[in-house]
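The following exercises ask the reader to work through a structure step by step. Each task is followed by its solution.

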Amino acid sequence: MYRQGLRLVFRVESNGDITYLSFLSETKKDVDSWIQRINTHAIPAYVTDLDLHDAKREDFDFHYESIIRQPLHEAGLDFPERVDMKNEEFAPPQWKPDSFYKRKEREEARSKSRMKKIRLVIFIGTFLVALVWIPHWPLDDDMNVMFLMLGILALLFPTYLHNAWKPVQSLLDTVMVGAALFAGLTTANLYTPITAAYYSTTWTTLLIFAVFHNGAFFLSRFRNKKDIRPTRKR
């Protein structure tokens with residue numbers, strides 16, 4: 001179910017410059033008030049069935065004329081008394097000009113770059129923990145394991161909320177964490193003896209992490225899929 005409102009877009013010309021103002025109106029009283037002002041001042045007005053929810057100013061600047069629309073006096077406007085709720089199968093098609101896709105590509109590139117930096121920090125941090133801290137753990141102390149796993153999950157999980165990764169990303173991240181842990185332990189063996197018990201404990205820790213980590217990843221993908229609003233194609 002989705003809220004449905006009216007997106008008002010004003011094209012303002014001043015001294016040869018054109019700017020666009022846009023805001024949302026969700027009540028019949030407010031919509032009627034705007035229509036009355038528009039009619040009073042004989043302002044040309046148009047209506048479109050396209051969903052303009054995700055449109056930005058740059059989209060209007062370059063592609064306003066591409067919006068399929070009808071004059072208001074011909075199309076009319078029947079707005080409900082209250083904020084309406086619509087089932088997703090009734091969602092109108094979105095207006096997605098070229099600038100929309102280019103902006104999404106830029107946002108996706110920035111997001112992926114930020115997430116890769118987070119993964120680099122996790123790899124280096126996990127390696128250092130295995131190098132300096134794990135060799136001194138009491139083998140029967142589960143608190144250290146819990147803090148390490150929770151710390152890694154707290155850093156990784158927010159990156160999964162963007163739905164920008166392949167379905168195998170959590171498995172790759174598990175391999176990354178495992179590689180950092182065992183690389184750190186192996187390096188630590190150069191300055192202090194690392195017994196087989198530490199490798200066994202680390203392996204058990206990695207398996208526990210893999211269960212919770214991959215479970216969180218697939219739950220986040222399921223959530224992201226539900227939140228994606230399907231729309232009809234034009």
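**Exercise 1.** Determine whether Glu65 is buried or exposed, and state which residue meets the side chain of Glu65 in a salt bridge.

*Solution.* Step 1: Glu65 has a relative accessibility of 54% and counts as exposed; buried means under 20% relative accessible area, exposed over 50% and partly exposed in between, with a 1.4 Å probe and protein chains only. Step 2: the side chain of Glu65 meets that of Arg69 in a salt bridge, at 2.9 Å from N to O. Such a bridge is defined as a side-chain nitrogen of Lys or Arg within 4 Å of a carboxyl oxygen of Asp or Glu. Step 3: Arg69, at 27% relative accessibility, is partly exposed.

The model is predicted: local features need pLDDT of at least 70 and side-chain atom pairs count only at pLDDT 80 or more, while totals for chains, interfaces and linings use all residues. Residues are numbered from 1 along each chain as its sequence is written, and side-chain values use heavy atoms, with hydrogens and water left out.

**Exercise 2.** State how many salt bridges a search of the whole structure finds, and describe the one between Arg103 and Asp59.

*Solution.* Step 1: the search finds 8 salt bridges. Step 2: in the bridge between Arg103 and Asp59, the closest N and O atoms are 3.0 Å apart. Step 3: this pair links distant parts of the chain, as Arg103 lies in helix 4 and Asp59 in helix 2 (residues 57–63), 44 residues apart. Helices are DSSP runs (H or I, at least four residues), numbered from the N terminus. Step 4: Arg103 is buried at a relative accessible area of 6%, and Asp59 is buried at 0%.

**Exercise 3.** Compare the span of helix 4 with the expected value.

*Solution.* Step 1: helix 4 covers residues 98–133, which is 36 residues. Step 2: the expected span is 1.5 Å times one less than the number of residues, giving 52 Å for helix 4. Step 3: from its first C-alpha to its last, helix 4 reaches 51 Å, close to that expectation.

**Exercise 4.** Identify which helix gives the most residues to the largest nonpolar core.

*Solution.* Step 1: the largest nonpolar core (buried Ala, Val, Leu, Ile, Met, Phe, Trp, Tyr and Cys residues joined through side-chain atoms within 4.5 Å) has 23 residues. Step 2: the elements giving two or more residues to this core are helix 4, helix 5 (142–156), helix 6 (169–188) and helix 7 (196–227). Step 3: helix 5 gives the most, with 6 residues.
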